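Subject: Structure handover

Hello,

The structure you asked for is below, and the notes on what was found follow it.

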Amino acid sequence: MSAPDSATAVADRRLVFALSNAIENAVDHNDQPSVEMSVETTDTAVEIRVADDGPGIPEQERDITQPQHGSGLGLWAVNWVVESFGGNLAFETPERGSGVVLWLRPQ
């Protein structure tokens, strides 16, 4: 994990729930998971990235505008929490694996 010594964002304990869901998603959809987290800070955001080397997140799972029963609920919950803090959720789609990026407002 790469991270600065400290990073303060607009959030509460629900952030633990959101990060747990993002990490669990990376582990559950990979036979031999390798998950990496990083935190970066800028003047306008605290970026928390959860990346894995799995098969990637299917496009229909990245559509988090409407939760689908039994599919995509974990990512929908992550998005709901992040947006409740005034932040944003984004997905990265490298050649192999996937990345979930939580952008939070700095405090």
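Leaving aside its neighbours within four places in sequence, which residues is S38 in contact with? They are S2, E47, I48 and R49, where contact means heavy atoms within 4.5 Å.

Before the rest, the conventions. This is a predicted model, in which local features need pLDDT of at least 70 and side-chain atom pairs count only at pLDDT 80 or more, while totals for chains, interfaces and linings use all residues. Residues are numbered from 1 along each chain as its sequence is written, and side-chain values use heavy atoms, with hydrogens and water left out.

Strands

S38 lies in strand β1 (residues 35-41). Helices (H or I, at least four residues) and strands (E, at least two) are DSSP runs, numbered from the N terminus. With a relative accessible area of 9%, S38 is buried; the classes are buried under 20% relative accessible area, exposed over 50%, and partly exposed in between (1.4 Å probe, protein chains only).

Strands β1 and β2 pair in the antiparallel sense over seven bridges, pairing being assigned if DSSP finds at least two bridges between two strands. In this pair, E36 stands opposite A51 in β2. The hairpin that joins β1 to β2 does so through four residues.

Strand β4 has two antiparallel partners in these notes. Seven bridges join β2 to β4, and V46 stands opposite L104 of β4 there. Five bridges join β3 to β4; F91 stands opposite V100, and A90 has V101 as its bridge partner. The hairpin of β3 and β4 has five residues between the strands, and G97 in that hairpin takes a positive phi near 95 degrees. Six of the seven residues of β4 are buried, so β4 is largely enclosed by the rest of the structure.

Helix α1

Two residues of α1 were looked at individually. L15 lies in this helix and is buried, with a relative accessible area of 15%. Not counting neighbours within four places in sequence, L15 is in contact with I48, V81, F85, L102 and L104. L15 and T93 are 78 residues apart in sequence and 23 Å apart in space, C-alpha to C-alpha.

I23 is also found in α1. At 29% relative accessibility, I23 counts as partly exposed. Residues up to four places away in sequence aside, I23 touches M37 and V50. The C-alpha atoms of I23 and R105 are 21 Å apart, with the two positions 82 residues apart in sequence terms.

Helix α3

Helix α3 (residues 73-84) has 12 residues and reaches 16 Å from its first C-alpha to its last. That is close to the 16 Å expected at 1.5 Å a residue, the expected span being 1.5 Å times one less than the number of residues. L75, A77, V78, N79, V81 and V82 are the buried residues of α3. An α-helix has 3.6 residues a turn, so residues three or four places apart point the same way. The cover over the buried residues of α3 includes α1, α2 (59-62), β3 (88-92) and β4. After α3 comes G86, whose phi is positive, near 85 degrees.

Cavities

On a 1 Å grid over the protein atoms alone, a cavity is a set of points where a 1.4 Å probe fits but cannot get out, and lining residues have an atom within 4 Å of a point. Grid points are joined across faces, edges and corners, and a volume is the space filled by probe spheres set on the points. The count comes to two cavities of 30 Å³ or more.

The second largest cavity holds about 30 Å³ of space. Its lining consists of A22, N25, A26, V50, D52, I57, S98, G99 and V100. The elements giving two or more residues to this lining are α1 (14-28), β2 (46-52) and β4 (98-104). By class, the lining has five nonpolar, three polar and one charged residues. Here Ala, Val, Leu, Ile, Met, Phe, Trp, Tyr, Cys and Pro count as nonpolar, Asp, Glu, Lys and Arg as charged, and the others, Gly among them, as polar.

Regards

Methods. 1 Å grid on protein atoms, 1.4 Å probe; cavity = no way out; pocket = protein on both sides within 12 Å on 5 of 7 lines; lining within 4 Å.
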